[in-house]
Number of protein chains: 2
Amino acid sequence: MFRLNENYLKLPGSYLFSTIGKKVGAYSAAHPDKKIIRLGIGDVTQPLAPAIISALHKAVEEMGHGETFRGYAPDQGYDFLRNAIADNDYKARGCDISADEIFVSDGAKCDSGNIQEIFSVDNRIAVCDPVYPVYVDSNVMAGRTGSYDRARETWSNVIYMPCVAGNGFVPELPKETPDIIYLCFPNNPTGAAATREQLQEWVDYACKVGAVIIYDAAYEAYISDENVPHSIYECEGARTCAIELRSFSKNAGFTGVRLGFTVVPEELKCGDVQLHSLWARRHGTKYNGAPYIVQRAGEAVYSPEGKEQLKAQVAYYMKNAHYIYNGLKAAGFTVSGGVNAPYIWLKTPGNMTSWEFFDYLLEKVNVVGTPGSGFGPSGEGYFRLTAFGSYENTVEAVDRIRTLL
Amino acid sequence: MFRLNENYLKLPGSYLFSTIGKKVGAYSAAHPDKKIIRLGIGDVTQPLAPAIISALHKAVEEMGHGETFRGYAPDQGYDFLRNAIADNDYKARGCDISADEIFVSDGAKCDSGNIQEIFSVDNRIAVCDPVYPVYVDSNVMAGRTGSYDRARETWSNVIYMPCVAGNGFVPELPKETPDIIYLCFPNNPTGAAATREQLQEWVDYACKVGAVIIYDAAYEAYISDENVPHSIYECEGARTCAIELRSFSKNAGFTGVRLGFTVVPEELKCGDVQLHSLWARRHGTKYNGAPYIVQRAGEAVYSPEGKEQLKAQVAYYMKNAHYIYNGLKAAGFTVSGGVNAPYIWLKTPGNMTSWEFFDYLLEKVNVVGTPGSGFGPSGEGYFRLTAFGSYENTVEAVDRIRTLL
């Protein structure tokens with residue numbers, strides 16, 4: 001008789017955003033007349049930039065003719081895209097990353113869920129608290145996290161690194177030594193950014209203790225501060241200790257287009273074995289490449305017109321971020337984030353729990369956000385608002401929330 | 001210090017098609033004047049059908065306007081696509097499968113690699129021999145296959161079910177009892193098809209011993225025989241024991257577009273736990289949906305024009321299959337497959353090993369096929385040719401191979 005992967009049964013509840021979706025759906029069904037504004041899930045709302053639309057049409061046309069039709073893509077992605085990434089995201093910033101070290105994928109969520117596979121089950125992970133749920137959940141599924149404490153909402157074999165007001169939402173080095181360290185800057189959910197000096201400290205620490213850093217840089221396009229690095233490879237020594245995950249979802253609005261990539265440097269080794277070769281094997285065996293037309297869309301992100309159009313798109317969302325940040329601060333809320341990131345991290349008023357505030361906001365002013373406690377215990381008492389709505393909706397949402405204080 | 005998933009290190013050599021790619025690349029570089037014809041990897045060559053191109057352009061246009069832009073897709077896929085699948089692939093064939101039981105993905109290779117994750121590591125798998133390498137390799141990576149015997153090229157904890165001339169390349173029920181049974185009909189690589197009676201015997205067996213069948217039906221569009229089922233759900237009892245994998249790669253030429261789906265019926269349970277809920281959790285946590293534009297392309301496969309155009313495309317490839325089958329048979333080769341499948345399974349002449357014949361064919365007549373031994377020990381002495389080339393190339397390849405006997 002077949003048996004199940006019992007690790008799945010340890011997972012409490014469903015995926016955070018599914019739960020939110022269900023709550024909002026139920027409210028919406030009961031109150032069809034209410035206009036709900038969603039600043040919850042980090043989904044973009046602006047249409048794809050003209051340069052990308054034009055690249056997509058062109059690639060679609062190629063697929064319709066025998067001479068230009070493309071079948072299976074190369075495992076790691078087309079050279080035209082990997083070269084554009086290496087040149088623009090790395091070499092232009094002084095990072096020594098070659099096209100061969102880049103693995104194109106269908107998005108950073110998949111990569112961040114799958115990357116743990118190449119590590120031993122007995123490795124111990126460290127995560128920021130609060131944290132993007134996929135890092136922990138995918139490790140739970142693999143059996144790496146021990147047992148779940150329902151009261152504390154933590155796993156016995158995970159090292160939690162609190163990100164709280166006291167440390168500016170950037171974690172301190174952990175007391176216990178981890179094997180795998182997940183870091184995400186600019187951070188989801190807090191919107192905090194690590195400075196070059198802070199990130200260098202993490203790289204030095206990982207090199208010293210023999211840990212690997214999985215660095216999620218999905219929000220790097222939102223950085224405005226000169227002293228905040230866009231890539232972990234801006235830090236010395238990172239090629240021997242860090243994997244970087246990148247996404248086209250937020251810098252180019254590809255949440256529904258699906259494209260991302262992972263960088264695994266050649267020097268990153270365990271003994272004599274390159275992690276690059278393991279990830280390549282996984283890619284070759286369990287993945288079959290991103291669609292050709294989507295890879296052409298990715299290439300257009302790096303064209304001169306694409307760059308200009310996307311700079312304007314990012315500026316549009318950051319205008320929202322500033323409106324939320326300034327508007328709620330002026331109204332008396334305690335807020336952070338929103339400077340180098342499209343997320344605003346709000347302290348819930350009047351000692352409400354995160355889910356209490358979620359319900360309160362949904363019912364009183366029909367605004368959807370994300371409860372901080374959904375990202376981990378240190379997120380309790382906080383609330384995430386995203387800048388990815390339209391400007392008009394963002395202004396209206398802030399004006400509605402203001403009325404609550 | 002972090003440690004690796006050592007199961008990866010047990011994998012012998014690289015993925016079969018990567019090895020072939022390297023061999024062909026080396027030969028081609030050394031002989032740039034030779035025209036190589038590739039009937040190796042199962043990649044399609046005909047352009048996307050007009051109905052699909054038109055659906056893609058329309059969806060791209062939608063992504064360029066704020067009112068019609070789509071961000072994150074629903075985890076399991078859009079209703080418009082899942083309904084079209086349920087109606088056309090299942091209800092129209094009398095199979096009781098609902099849209100909620102369908103999980104849209106980026107292809108059957110990913111699904112067939114990922115599906116093992118929801119099962120316990122101590123389950124024992126049974127595979128056809130020869131077999132599509134991903135089934136075994138993904139189980140090796142998970143630590144489910146025991147140790148590797150280099151001489152026999154088999155894993156100690158895998159039940160191999162020989163598919164040989166004596167049983168018409170359809171396996172007999174195994175002597176040892178498996179927990180998970182991988183079946184693929186019409187078969188890759190042998191091109192054999194199981195009749196409704198044969199498949200019913202497998203369903204009855206799985207129900208009796210409490211095994212789950214992972215049924216890969218990627219090639220169902222090539223079935224011409226009335227007595228060969230297109231879906232395992234045409235068999236009684238399959239809803240309690242079978243998962244079905246489907247692909248758009250071969251029926252619609254989507255190898256470079258990436259779309260597939262998995263069916264997990266609600267009745268398929270281990271104790272009280274539905275496999276549906278585990279796969280849904282995996283999908284929600286480690287996957288983020290197929291691109292909107294690709295799902296619209298998938299929908300067009302089921303439109304009246306799409307159906308007509310794709311019927312012609314399948315007929316085009318099957319004309320190739322018949323040409324290879326008849327041509328080589330007339331020349332004195334021993335061939336099978338090619339009737340309900342786009343693959344021809346060729347006995348190597350003169351007791352050559354599969355790789356000897358691969359090299360011989362590449363060097364003597366510049367034709368690329370796939371060595372049968374790459375699919376498992378019982379594939380030794382066989383060779384796979386695919387019908388996915390252009391008609392002109394297929395005719396030329398057959399004419400060239402004929403000269404060898």
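1. Let's start with confidence: chain A has a mean pLDDT of 96, and 100% of its residues reach 70 or more. This is a predicted model, and the predictor gives the complex an ipTM of 0.96 and a pTM of 0.97.

2. Now to helix H3 of chain A, residues 50–63. Its 14 residues reach 20 Å from the first C-alpha to the last, close to the 20 Å expected. Among the buried residues of H3(A) are Ile52(A), Ala55(A), Leu56(A), Ala59(A) and Met63(A). A general point helps in reading such a list: residues three or four places apart point the same way, because an α-helix has 3.6 residues a turn.

3. What covers those buried residues of H3(A)? The cover includes H9 (292–301) and H10 (304–330) of chain A, together with H3 (50–63) and H9 (292–301) of chain B.

4. Please also look at H6 of chain A (133–142) and H8 of chain B (275–286), which pack at about 145° with their axes 10 Å apart. Val134(A), Asp137(A), Ser138(A) and Met141(A) of H6(A) meet Arg281(B), Arg282(B), Thr285(B) and Lys286(B) of H8(B). By class, this contact has 2 nonpolar, 2 polar and 4 charged residues. The crossing of H6(A) past H8(B) is left-handed.

5. Finally, H10 of chain B (304–330) has 27 residues and reaches 38 Å between its end C-alpha atoms, close to the 39 Å expected. Its buried residues include Leu310(B), Val314(B), Tyr317(B), Ala321(B) and Leu328(B). The buried residues of H10(B) pack against H3, H9, H12 (391–402) and strands S13, S14 and S17 of chain B. After H10(B) comes Gly332(B), with a positive phi near 105°.

How values were computed. Residues numbered from 1 in each chain as written. Chains lettered and ligands numbered in written order. Predicted model: local features only at pLDDT ≥ 70, side-chain atom pairs only at ≥ 80, totals over all residues. Heavy atoms only, no water. Helix = DSSP H or I, 4+ residues; strand = E, 2+ residues; numbered from the N terminus. Expected span 1.5 Å × (residues − 1). Buried < 20%, exposed > 50% of the residue type's maximum accessible area, 1.4 Å probe, protein only. Contact = heavy atoms within 4.5 Å. pLDDT = per-residue confidence, 0-100. Axes fitted to C-alpha atoms, helices over the stretch in contact; angles between N-to-C directions. Left-handed = near helix turned anticlockwise from the far one by under 90°. Nonpolar A, V, L, I, M, F, W, Y, C, P; charged D, E, K, R; others polar.
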